[in-house]
Amino acid sequence: MSEKILVTQSSMPPYEEYIEAIKILWDTHWLTNMGVYHQQLEKELKAYLDVPDLSLMVNGHMALELAIQMMGFPEGAEVITTPFTFISTTHAIVRNRLKPVFCDIKLSDGTIDETKIENLITEHTVAIVPVHVYGNLCNVEEIQKIADKYDLKVIYDAAHAFGVKYKGRGIGSYGDASVFSFHATKVFNTIEGGAVTFKEHRYYEKLYNLKNFGIRGEELVTDVGANAKMNEFCAIMGLCNLKHMEEALENRKESYEYYRQGFLNINGIRLFDENVNATKNYAYFPILIEENYGKSRDELYEILKQNDIYARKYFYPLTADQACFRNKYRNEDIEKARKLSKQVLVVPLYEGIESKNIKKILDYFMEKRKLDVERI
Ligand SMILES: Cc1ncc(COP(=O)(O)O)c(C=O)c1O
């Protein structure tokens, strides 16, 4: 049987380095509750992400839930968002007892179509939750203009955009808040983890309360908070992984470029437009299978799987079409999102993927195309 090529594989620091780093926990016995490594990682991430302020969280989803909760929106208010995302984005809105209003996306990069946001605003709208999907950046300037005009908050789901800079500034410094995921499958991981970044320091206090039961003193609880603290083992994993970010990105970049050169030469495969004002983190390699390729995305997905290549239909179905949300919220005009979700396939990309495997995947796409053309 051939070797399985999975869509992703977690980056890990050298074993000895992590073991050496966690040894101290057997002396201190301080495993969680905003320990020294939690504090150190907050500091280092703030610098790395180039953001004014940051609060570390147990995972990206809780970061998003609490970032929305801290805004104090009234129950039932409307939030304009994209359906072309991981289910977490929509869950975070709904679990805050708010109503998602689904906006269409742009075929060019998969991000929310900023020209369609204004039409969806009603007297109940309180916020916009766009997603920098695959690290492709939303039009942050236009979105801010709309938010300013209608006095709305903007909370970016930046789960995919770790380390990305736009016009020389950390992407987490745009909007009222941004949320990052440090899940094991992400470009940077803390096993499980996440963070909220923001400009106003009062949010730090608020998030501190929300992630720690609202406890402010031995006998004082000021907020109805959750438990969303990152533990020290995860924080140390983050500190170790952060030291190796440069080599990890360099390695991903090589694989990314290899794919890019290959796919650009295959008729019927389209790639998203690149943003010349943004840096890349090489987190994912999404391709779009167009009609003239001759095979549908679903057929390709199945054939690849039979050959032990595990690509992902990321994101299909749209969150608006999932069983828990279908027909429940406004989604009048999401045709482009529907189209894209039927075309997209994310091919395997991770630190350390062997170039022979990338070649195998590319050859496979080229071969399929050639055979079909010959048959015609
Ligand atoms: C777009 C998006 N939002 C939110 C999340 C949630 O992050 P986490 O898995 O860290 O909870 C993810 C993670 O997979 C994601 O891809």
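**Exercise 1. Glutamate 200 and its partner**

Task: Classify glutamate 200 as buried, partly exposed or exposed, and state which residue its side chain meets in a salt bridge.

Solution. The model is predicted, and the values below are computed from it.
Step 1. The relative accessible area of glutamate 200 is 32%.
Step 2. Buried means under 20% and exposed means over 50%, so glutamate 200 is partly exposed.
Step 3. The partner is arginine 202, and the N to O distance of this salt bridge is 2.5 Å.
Step 4. Side chains of opposite charge can pair when their charged atoms come close.

**Exercise 2. Two further salt bridges and a network**

Task: Describe the salt bridge of glutamate 114 and that of aspartate 363, and give the burial class of each residue involved.

Solution.
Step 1. Glutamate 114 pairs with lysine 106, and the closest N and O atoms are 2.9 Å apart.
Step 2. Glutamate 114 has a relative accessibility of 13% and counts as buried. Lysine 106, at 17%, counts as buried too. The cut-off used here is under 20%.
Step 3. Aspartate 363 meets lysine 359 in a salt bridge, at 2.9 Å from N to O.
Step 4. Aspartate 363 and lysine 359 are four residues apart in helix α13 (residues 355-375), so about one helical turn separates them.
Step 5. Aspartate 363 is partly exposed at 34% relative accessibility, and lysine 359 is partly exposed at 42%.

Task: State how many salt bridges the model contains, and name the residues that a network of salt bridges links.

Solution.
Step 1. A salt bridge requires a side-chain nitrogen of Lys or Arg within 4 Å of a carboxyl oxygen of Asp or Glu. By this rule the count is 24.
Step 2. The network links Glu78, Arg330 and Glu332.

**Exercise 3. Helix packing**

Task: Determine how α1 and α9 are oriented to each other, and do likewise for α4 and α8.

Solution.
Step 1. Helix α1 (residues 15-22) packs with helix α9 (residues 232-243) at an angle of about 135 degrees, and their axes are 10 Å apart.
Step 2. Angles over 145 degrees count as roughly antiparallel, and 65 to 115 as roughly perpendicular. An angle of about 135 degrees falls in neither range, and α1 and α9 are therefore oblique to each other.
Step 3. The crossing of α1 and α9 is right-handed.
Step 4. For helix α4 (residues 60-69) and α8, the axes come within 10 Å and the crossing angle is roughly 125 degrees. This makes α4 oblique to α8.
Step 5. The crossing of α4 and α8 is right-handed.

**Exercise 4. Backbone exceptions**

Task: Locate the cis peptide bonds at phenylalanine 315 and proline 317, and place these two residues in the secondary structure.

Solution.
Step 1. The bond from tyrosine 314 to phenylalanine 315 is cis, with omega near 25 degrees. Phenylalanine 315 sits in the loop between α11 (297-306) and α12 (335-343).
Step 2. Tyrosine 316 and proline 317 are joined by a cis peptide bond with omega of about -10 degrees. Proline 317 lies in the loop between α11 and α12.

Task: Describe aspartate 50 and aspartate 308, which have a positive phi without being glycine, and give the burial class of each.

Solution.
Step 1. The phi of aspartate 50 is about 60 degrees. Aspartate 50 belongs to the loop between α3 (36-49) and β1 (53-57).
Step 2. With a relative accessible area of 31%, aspartate 50 is partly exposed.
Step 3. The phi of aspartate 308 is about 65 degrees, and aspartate 308 lies in the loop between α11 and α12.
Step 4. Aspartate 308 has a relative accessible area of 10% and is buried.

**Exercise 5. A surface patch and a buried strand residue**

Task: Name the residues of the nonpolar surface patch that includes Phe213, and give the location of phenylalanine 213.

Solution.
Step 1. The patch consists of Phe213, Ile215 and Val221, and their accessible area together is about 260 Å².
Step 2. Phenylalanine 213 lies in the loop between α8 (202-211) and β10 (215-217).
Step 3. Phenylalanine 213 is partly exposed, at a relative accessible area of 39%.

Task: Classify valine 101 as buried or exposed, and compare its separation from lysine 328 in sequence and in space.

Solution.
Step 1. Valine 101 is part of strand β3 (residues 99-102).
Step 2. The relative accessible area of valine 101 is 2%, and the residue is buried.
Step 3. Valine 101 and lysine 328 are 227 residues apart in sequence, while their C-alpha atoms are 10.0 Å apart in space.

Conventions. Residues numbered from 1 in each chain as written. Predicted model: local features only at pLDDT ≥ 70, side-chain atom pairs only at ≥ 80, totals over all residues. Heavy atoms only, no water. Patch = residues over 30% accessible without salt bridge, like charges linked within 9 Å, V, L, I, M, F, W, Y side chains within 5 Å. Areas by Shrake-Rupley, 256 points an atom, 1.4 Å probe, with all protein chains shown as cover. Buried < 20%, exposed > 50% of the residue type's maximum accessible area, 1.4 Å probe, protein only. Axes fitted to C-alpha atoms, helices over the stretch in contact; angles between N-to-C directions. Parallel < 35°, antiparallel > 145°, perpendicular 65-115°, else oblique. Left-handed = near helix turned anticlockwise from the far one by under 90°.
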